[in-house]
Amino acid sequence: MERATLREAANGKIFSTANLIFGIGQISKMTGVSTRQLRYWESKGYIEPKKRADEQAQRVYGYDTFLRVSGIKSMQDEGYTLAAAVERTAALMAEADGIRNFLLDAYHGIAEVDNQDMLDLGFLDAEHTQRLYARSKDHHVEYLVRPAGEEATGK
DNA sequence: GTTCTTACA
DNA sequence: TGTAAGGA
């Protein structure tokens, strides 16, 4: 069997959140948002229960909704109005999604360069003659460029 | 026991 | 927004 890639993991083939579903009471306890509020937020279109094949009345929520509710609640506690908290949460989640996708595109594995573990960021140039490596140290990023074809020790 | 909608404080 | 009612 081939080794699983980070992207496969991120796509949910390995660490799947698809089967994480919660009832309204669970979401309420996890986030500190009352069931009354959750139903109210739904009426305003801020959150939406999962569609269920079986036409049942009881709401079920996915993991993404848990994150959304959690974010809205946090920002509300910081003083944002509900509408503003909803907007900011949506923006942050979209930004996080963009970052995640970018990193998955850029990341080519771990490689040992000069006896140090570096992120392999793939070819630097269109001609594929140089390869870019990077690592993070003390909250800033260090880059290395090496001739391509020497990335033998990828882990 | 929990969740549903509706309605009222 | 919390709570009560009355049913699922």
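This note goes through the protein's surroundings of two DNA strands and then two further places in the protein, all in a predicted model.

1. Around DNA strand B, the surrounding residues are Ile24, Gly25, Arg39, Ala57, Gln58 and Arg59. By residue class, this surface near DNA strand B divides into two nonpolar, two polar and two charged residues.

2. Which parts of DNA strand B make up its atoms within 4 Å of the protein? Sugar or phosphate accounts for 95% of those atoms, and bases account for the rest.

3. Three of the residues around DNA strand B can be described through individual atom pairs. Gly25 takes part through its backbone, a polar atom of which is 3.0 Å from a phosphate oxygen of DNA strand B, whereas Arg59 takes part through its side chain, where an N or O atom is 2.8 Å from a phosphate oxygen of that strand. For Gln58, the partner of a polar side-chain atom is a sugar or linking oxygen of DNA strand B, at 3.1 Å.

4. DNA strand C is surrounded by Ser34, Arg36, Gln37 and Tyr40, and the residues of this surface comprise one nonpolar, two polar and one charged. Of the atoms of DNA strand C within 4 Å of the protein, 29% belong to sugar or phosphate, while the rest belong to bases.

5. The atom pairs at DNA strand C include both base and phosphate partners. The side chain of Arg36 places an N or O atom 2.9 Å from a base oxygen of DNA strand C. Ser34, by contrast, has a polar side-chain atom 2.9 Å from a phosphate oxygen of the strand, and an N or O atom in the side chain of Gln37 is 3.0 Å from a phosphate oxygen of DNA strand C.

6. Turning to the protein itself, Asp120 is found in strand β4, which covers residues 116-123. Is Asp120 buried or exposed? Asp120 counts as buried because its relative accessibility is 4%, which is under the 20% cut-off. A polar atom of the Asp120 side chain also lies 2.9 Å from the backbone nitrogen of Gly122.

7. A nonpolar patch on the surface is formed by Ile99, Phe102 and Leu103, which together have about 320 Å² of accessible area. Of these residues, Ile99 has its place in helix α5, residues 82-106. With a relative accessibility of 45%, Ile99 counts as partly exposed, because this value lies between the 20% limit for buried and the 50% limit for exposed.

Methods
Residues are numbered from 1 along each chain as its sequence is written. Chains are lettered from A and ligands numbered from 1 in the order in which they are written. This is a predicted model: local features need pLDDT of at least 70, side-chain atom pairs count only at pLDDT 80 or more; totals for chains, interfaces and linings use all residues. Side-chain values use heavy atoms; hydrogens and water are left out. A residue is near a molecule or strand if one of its heavy atoms lies within 4 Å of it. A polar contact is a pair of N or O atoms within 3.5 Å; within protein, one must be able to donate a hydrogen and the other to accept it, and residues adjacent in sequence count only if both atoms are side-chain atoms. Ala, Val, Leu, Ile, Met, Phe, Trp, Tyr, Cys and Pro count as nonpolar, Asp, Glu, Lys and Arg as charged, and the others, Gly among them, as polar. Helices (H or I, at least four residues) and strands (E, at least two) are DSSP runs, numbered from the N terminus. Buried means under 20% relative accessible area, exposed over 50%, partly exposed in between (1.4 Å probe, protein chains only). Patches are made of residues with over 30% relative accessible area and no salt bridge: like charges are joined within 9 Å, nonpolar side chains (Val, Leu, Ile, Met, Phe, Trp, Tyr) within 5 Å. Accessible areas come from the Shrake-Rupley method with a 1.4 Å probe; for residues, only the protein chains shown count as cover. A salt bridge is a side-chain nitrogen of Lys or Arg within 4 Å of a carboxyl oxygen of Asp or Glu.
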